[in-house]
Amino acid sequence: MRPFEITDHTADVGITAYGATREELFANAALGMLSIIGDPDTVAAKDTREVQVQASDPAALLAAFLGELLYLLEVEHFVFHDAVVETISETEVRATINGEPLAPHHDLHTEIKAVTHHGLRVEHVGGTWEANVLFDI
Amino acid sequence: MARGHKGGKPMAHGYDGPLERIDECRWRIPKDAEKGMRVDGIIYADDRLIELIRKDRAPEQVANVACLPGIVRASYAMPDIHWGYGFCIGGLAATDIEAGGVVSPGGVGYDINCGVRLLTTSLRREEAKPVMQSLISTVYEHVPCGVGVGGRVRFSPAEEREIMARGPAFVVERGFGRPEDVEHTEARGCLPGANPGVVSDRAYQRGQNQCGTLGAGNHFVEVQAVDEVYDPDAAARMGIKVGMVTVMIHSGSRGLGHQVCDDSLRMMESVMGKYRLQLPDRQLAAAPVDSPEGRKYLGAMRSAANFAWANRQILTHHVRAAFAKQFGRSDEKLGLDLVYDVAHNIAKIEEHEVDGRKLKLCVHRKGATRAFGPGHPDIPADYRDLGQPVIIPGDMGRASYLLLGTEGAMRETFGTTCHGAGRVMSRRAAIRAAKGRSIKKELAAKGIVARYRGRYALEEEQPDAYKDVNVVVDVVSRAGLARKVCRMRPMGVIKG
């Protein structure tokens, strides 16, 4: 199973993420978002951050979770490498984020302004978790 | 595993719903086209543009917006329309506040008060041309741009609060500009009713070192030369001549605005049940303008809008410093006067006449520009009899325009016109199309110098990724939604 695919949009960029479990789906969506922002191979897992996010439903939860990673990047200048989801429910997720402080060699090329709710979807289809997320560039 | 930047599934299907021709530049989506539409959709386009529009999902979004409670007359889209999130880009919707009309953060977008400003200079094209490489490098050094790049000025939370309450007037007092800049800014850069108290701590944090930063994506600083004047009298009144060098700045409210939209969208989603609202897209989540949530959003949105005007003001200051350094003359001697500054992602409370009645409306402009006609009291005194200046950036290879608002726009579109060229190609498709080419060299062959930070900035923003701005402006001008003053050609550009 592919972790994610990038989807086209006239002005912005989206992902379709997959996972055998809800945990894996969230982790793969984070990888997908990172691949839009920069080159994942330039980021190392040297440090960690703990995040805890709540929302009203599973789709909004995914958007809020990804939004949290953007916040870490923009305010704390912490670039994420991968996410390890510790616990997850319909409305709450707790995860350890591996990554490192932002540095010039990361060569981030795309600024994601926000995680939109347009066409936002989290579904369990034929034994696989699937999500669609569109980012505002 | 291919997780590269250049992949990407092809774009989803286009629009195959009804689209009826009204005249040579207007098309209608009848209100029975989709369940829940309260008014028609109206799209401004000619034969060339409508074919591009059909291939995109934007018309579906025009129909979705027509479902907003309280929407008046029609859900409109300008000729630069393309697929967005919630509203289409190029979208316009006005809701009647007294009739329970709603405000939707999706009708403004994440980049609250993204907008453009235009500066004139005392320089002639021939004077600037030989030093363009050096000038663009100097501008690039002075203007913070790109992902994660902080500003040259850091503001305390108390100062941020002042910026959100007062906009550019506050930063001009601190030395970032001239008092007359404020007079030539839409709404004088300060929307009344801004309430920095309802802006989240998180938004404050995101804004802290971003006032005076360009950002990335489609934002830019461009040095241009006026190549054609259509209305010599109006141009002269605005200090514009053929061959003059001008500067255009395009940016918005940065992380602060993005966070305000994000916070507000969540708030609106949580009250949809309370107000019994059902809308076809989550991103359209809304609440009545006259409700605690509506007021809270507008208080925060206006704060972010004022922050955006202050951001463009500080960017202007940096650009002036760069020009002064390059030419060894004071910025006043170089002119660098602000012609005007317009917002193109905003919601405003305005009074308009609808079917003979004056109504108080919440006008959402999402990738659309206010274009008030001659005589309107909100136009600066020195331009009032001409109409409001409207600045239309095109792509970095073709052209940009200065227009004026018209009576026609007042009658038909609540004083609104287009905002740019509009994308026609996705970012992925643009990168694919640039494979094996050097966009930098192609621009250089046209005499345009480009400096950029992001690896794919030029590929994604290449001229072919956009509709022809000349055609877009031709349509709004033929439809009477604006009139042309002059056209500018790019000479040099910096991108984030």
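Two residues are taken to be in contact if their C-beta atoms, placed from the backbone, lie within 7 Å. The views below show a predicted model.

**Helix α5 of chain B meets helix α11 of chain B.** Helix α5(B) covers residues 157-166, and its axis comes within 6 Å of that of α11(B), with a crossing angle of roughly 100 degrees. Angles of 65 to 115 degrees count as roughly perpendicular, so α5(B) is roughly perpendicular to α11(B). On the α5(B) side the participants are B:Ile163, B:Met164, B:Ala165 and B:Arg166, and on the α11(B) side they are B:Ser303, B:Asn306, B:Phe307 and B:Ala310. By class, the residues of this contact comprise 5 nonpolar, 2 polar and 1 charged.

**Helices α10 and α11 of chain B cross at roughly 170 degrees.** Helix α11(B) spans residues 292-327, and its axis and that of α10(B) come within 9 Å. Because an angle over 145 degrees counts as roughly antiparallel, this crossing makes α10(B) roughly antiparallel to α11(B). From α10(B), the contact draws on B:Arg254, B:Leu256, B:Gly257, B:Val260, B:Ser264, B:Met267, B:Met268 and B:Val271. From α11(B), the contributors are B:Glu293, B:Lys296, B:Tyr297, B:Ala300, B:Met301, B:Ala304, B:Phe307, B:Ala308 and B:Asn311. The residues on the two helices divide into 11 nonpolar, 3 polar and 3 charged. B:Phe307 of α11(B) takes part here and also in the contact with α5(B).

**Chain B touches chain A through 43 of its residues.** On the other side of this interface, chain A supplies 35 residues. Four elements of chain B give two or more residues each: β4 (74-85), α8 (201-207), α10 (254-271) and α13 (427-433). The largest share of the chain B side, 7 residues, belongs to α10(B). Sorted by class, the chain B side has 12 nonpolar, 17 polar and 14 charged residues.

**The largest nonpolar core has 213 residues.** Among its members, A:Ala29, A:Met33, A:Leu66 and A:Val133 have the most contacts inside the core. Helix α11(B) provides the largest share of the core, 15 residues. With residues up to four places away in sequence left out, A:Leu66 touches A:Ala29, A:Ala30, A:Met33, A:Val115 and A:Val133.

**Chain A contains 2 helices and 8 strands.** Along the sequence, these elements follow the pattern β-β-α-β-α-β-β-β-β-β. The radius of gyration of chain A is 14 Å, close to the 14 Å that the globule rule gives for 137 residues, so chain A is as compact as a globular protein of that length. Its C-alpha trace extends over about 40 × 35 × 25 Å along the principal axes. Buried residues account for 53% of the chain. Of the contacts in chain A with a separation of 6 or more, 63% link residues 24 or more positions apart.

**Chain B contains 16 helices and 19 strands.** Its radius of gyration is 21 Å, which agrees with the value near 23 Å for a compact globule of 496 residues. The C-alpha trace of chain B spans about 60 × 60 × 50 Å along its principal axes. In this chain, 61% of the residues count as buried. Of the contacts between residues at least 6 apart in sequence, 78% join residues at least 24 apart.

**B:Asp464 lies in the loop between α15 and α16 of chain B.** Helix α15(B), which precedes this loop, covers residues 457-460. A residue is buried with 20 or more C-beta neighbours within 10 Å and exposed with 12 or fewer; B:Asp464 has 14 and therefore counts as partly exposed. Apart from neighbours within four places in sequence, B:Asp464 is in contact with B:Met425 and B:Ala433. B:Asp464 and B:Val339 are separated by 125 residues in sequence and, C-alpha to C-alpha, by 29 Å in space.

**Helix α16 of chain B, residues 469-478, has buried residues that include B:Val469 and B:Ser477.** The buried set also contains B:Val472, B:Val473, B:Val475 and B:Val476. Just after this helix, B:Gly480 adopts a positive phi of about 80 degrees.

Note on methods
Residues are numbered from 1 along each chain as its sequence is written. Chains are lettered from A and ligands numbered from 1 in the order in which they are written. This is a predicted model: local features need pLDDT of at least 70, side-chain atom pairs count only at pLDDT 80 or more; totals for chains, interfaces and linings use all residues. The radius of gyration is taken over C-alpha atoms; the globule rule is 2.2 Å times the number of residues to the power 0.38. Ala, Val, Leu, Ile, Met, Phe, Trp, Tyr, Cys and Pro count as nonpolar, Asp, Glu, Lys and Arg as charged, and the others, Gly among them, as polar. Axes are lines fitted to C-alpha atoms, for helices over the stretch in contact, and angles run from 0 to 180 degrees between N-to-C directions. Angles under 35 degrees count as roughly parallel, over 145 as roughly antiparallel, 65 to 115 as roughly perpendicular and the rest as oblique. A nonpolar core is a set of buried Ala, Val, Leu, Ile, Met, Phe, Trp, Tyr and Cys residues joined through C-beta atoms within 7 Å.
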